[in-house]
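Reader: I would like to learn how to read a structure of two chains step by step, beginning with the overall layout and ending with the way helices pack. Could you take me through it slowly?

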Amino acid sequence: MRLVLASLSRQRAEWRHGYDVLKETGLSSGTLYPLLMRMTDNGLVEAEWREPAQLGRPPRHVYRLTADGFTLALKLAAEDGASPGKPVLA
Amino acid sequence: MTRPLARAIMMIALAGMDIGRADWSRAMAAELEVAAADGRALPFAGGCLVAAGRDMLASASGRFVLTSYVLALGIMLPMAALQIGCAIFGFPYLYPDQRGLSGALLVGSPHEALLRSIYLGAVPALALIQLAAGIGHLRLAWSLVERNWPDALRWCLWTLSGVTALTLYMSVLFLDSRQAMLQAAVVGIELVMLVVIVRRHADLPAPIAAEQPG
């Protein structure tokens with residue numbers, strides 16, 4: 001979850017596609033989507049539909065952190081900064 | 001070849017997703033196109049299958065669906081296959097003498113001359129009841145997966161009636177009815193499990209048709 005929070009918090013105001021987050025974090029879709037679902041259920045991430053850039057493609061889901069999600073991301077980043085030896089968990 | 005296979009895997013994954021996750025199913029399906037353009041369709045679809053499985057295990061309704069499928073595919077379908085196989089091919093599990101239909105007809109037995117005509121008359125009826133029970137079992141499995149509870153209970157009771165009739169009929173003919181009794185016991189257990197499943201389904205929260213927009 002930390003990886004996803006870190007990835008989304010880097011561009012806090014930007015809406016991100018799932019595949020972009022997947023490539024940036026290096027997570028598999030089998031890990032990323034359950035995380036995004038749970039984070040959305042818990043109000044850490046918000047999602048919405050965007051019309052496709054290319055004609056004939058389906059609309060795509062985009063994601064960004066909510067205020068709660070961003071607060072948690074900052075808190076976790078501060079904790080990681082305080083203890084540099086701590087592993088960053090997905 | 002990779003893309004159709006990935007699409008097939010994705011379809012299986014999406015079929016397993018809860019109705020309340022419909023938006024997430026569409027979101028994953030849309031990203032598959034992007035992953036395919038990036039040459040990563042197969043691992044992406046495989047991951048989505050894992051995601052769907054994880055989501056099913058995480059929710060009560062998902063676990064319920066998995067339990068239904070395990071019961072239908074793991075117990076009811078094999079039982080139906082066994083019963084239909086017994087009826088059509090004369091598998092040796094049911095008929096006396098462990099020699100299938102010929103055993104039931106006492107071919108080569110010392111009592112053949114005395115009793116064969118009686119068994120000749122009885123065996124088609126036995127096989128028919130067994131076939132009907134097997135078909136009932138198939139319908140039962142289908143109704144369970146469809147979550148059509150009135151149909152599932154009706155077919156379970158029909159199947160139980162069939163194997164009970166088979167047991168009684170075989171006993172009247174002084175045939176070894178232990179295998180038929182075993183079938184009746186299994187169907188009885190299935191009936192109890194079905195009642196438990198129906199009650200659990202009634203206790204499940206109603207699915208949310210659509211989640212928050214976007």
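Reader: Which share of the contacts in chain A with a separation of 6 or more comes from residues 24 or more positions apart?

Author: Let me say at the outset that this is a predicted model. In chain A, residues 24 or more positions apart account for 54% of the contacts with a separation of 6 or more. Chain A has four helices and three strands, and along the sequence these follow the pattern α-β-α-α-β-β-α.

Reader: How many of the 90 residues in chain A are buried, as a percentage? And what is the average pLDDT of chain A?

Author: Buried residues make up 31% of the 90 residues in chain A. The pLDDT, which is the predictor's confidence in each residue, averages 84 over chain A, and 90% of the residues score at least 70. Over residues 84–90 of chain A, however, the pLDDT is below 50, and this stretch has eight contacts in the model beyond near neighbours in sequence.

Reader: Why is Val45(A) called buried?

Author: The idea is to count the C-beta atoms around a residue, and the cut-off for a buried one is 20 or more others within 10 Å. Val45(A) has 23 other C-beta atoms within 10 Å, and therefore it is buried. This residue lies in strand β2 (residues 45–50) of chain A. Setting aside its neighbours within four places in sequence, Val45(A) is in contact with Leu8(A), Leu36(A), Met39(A), Thr40(A), Tyr63(A), Leu65(A), Thr66(A) and Gly69(A). The C-alpha atom of Val45(A) is separated by 10.0 Å from that of Leu35(A), a residue ten positions away along the chain.

Reader: Leu65(A) appears among those contacts. Is Leu65(A) buried or exposed?

Author: Leu65(A) is buried, because 25 other C-beta atoms lie within 10 Å. Its place is in strand β3 (residues 60–65) of chain A. Beyond the neighbours within four places in sequence, the contacts of Leu65(A) are Leu8(A), Ser9(A), Arg12(A), Leu44(A), Val45(A), Phe70(A) and Ala73(A). Leu8(A) is thus listed for Val45(A) and also for Leu65(A). Leu65(A) and Glu14(A) are 51 residues apart in sequence, yet 9.0 Å separates them in space, C-alpha to C-alpha.

Reader: Turning to chain B, how should I describe helices that pack, and at what angle do α1(B) and α2(B) pack?

Author: Two packed helices are described by the angle between their axes and by the distance between the axes. Helix α1 (residues 2–16) and helix α2 (residues 22–37) of chain B pack at an angle of about 165°, with their axes 11 Å apart. That angle makes α1(B) roughly antiparallel to α2(B), and the crossing of the two is right-handed. From α1(B) the contact draws on Arg3(B), Ala6(B), Met10(B) and Leu14(B), and from α2(B) on Ser25(B), Ala29(B), Leu32(B) and Ala36(B). By character, the residues of this contact of α1(B) with α2(B) are six nonpolar, one polar and one charged.

Reader: How do α2(B) and α3(B) cross, and which residues meet there?

Author: The axes of α2(B) and α3(B) come within 8 Å and cross at roughly 160°, and these helices are therefore roughly antiparallel to each other. The crossing is right-handed. Met28(B), Glu31(B), Leu32(B), Ala35(B) and Ala36(B) in α2(B) meet Ala41(B), Phe44(B), Ala45(B) and Cys48(B) in α3(B). The residues in the contact of α2(B) with α3(B) are eight nonpolar, no polar and one charged.

Reader: What is the handedness of the crossing of α4(B) and α8(B)?

Author: The crossing of α4(B) and α8(B) is left-handed. The axes of helix α4 (residues 60–89) and helix α8 (residues 178–203) of chain B come within 12 Å and cross at roughly 160°, which means that α4(B) is roughly antiparallel to α8(B). Among the residues that meet are Phe64(B), Leu71(B) and Met79(B) in α4(B), and Val186(B), Met193(B) and Ile197(B) in α8(B).

Reader: Finally, how many residues does the contact take from chain B and from chain A?

Author: The contact takes 20 residues from chain B and 16 residues from chain A. On the side of chain B that touches chain A, α2(B) gives the most, with nine residues. The residues on that side of chain B divide into 13 nonpolar, two polar and five charged.

Key:
Residues are numbered from 1 along each chain as its sequence is written. Chains are lettered from A and ligands numbered from 1 in the order in which they are written. This is a predicted model: local features need pLDDT of at least 70, side-chain atom pairs count only at pLDDT 80 or more; totals for chains, interfaces and linings use all residues. Axes are lines fitted to C-alpha atoms, for helices over the stretch in contact, and angles run from 0 to 180 degrees between N-to-C directions. Angles under 35 degrees count as roughly parallel, over 145 as roughly antiparallel, 65 to 115 as roughly perpendicular and the rest as oblique. A crossing is left-handed if the near helix is turned anticlockwise from the far one by less than a right angle, and right-handed if clockwise. Two residues are in contact if their C-beta atoms, placed from the backbone, lie within 7 Å. Ala, Val, Leu, Ile, Met, Phe, Trp, Tyr, Cys and Pro count as nonpolar, Asp, Glu, Lys and Arg as charged, and the others, Gly among them, as polar. pLDDT is the predictor's confidence in each residue, from 0 to 100. A residue is buried if 20 or more other C-beta atoms lie within 10 Å of its own, exposed if 12 or fewer, and partly exposed in between; C-beta atoms are placed from the backbone.
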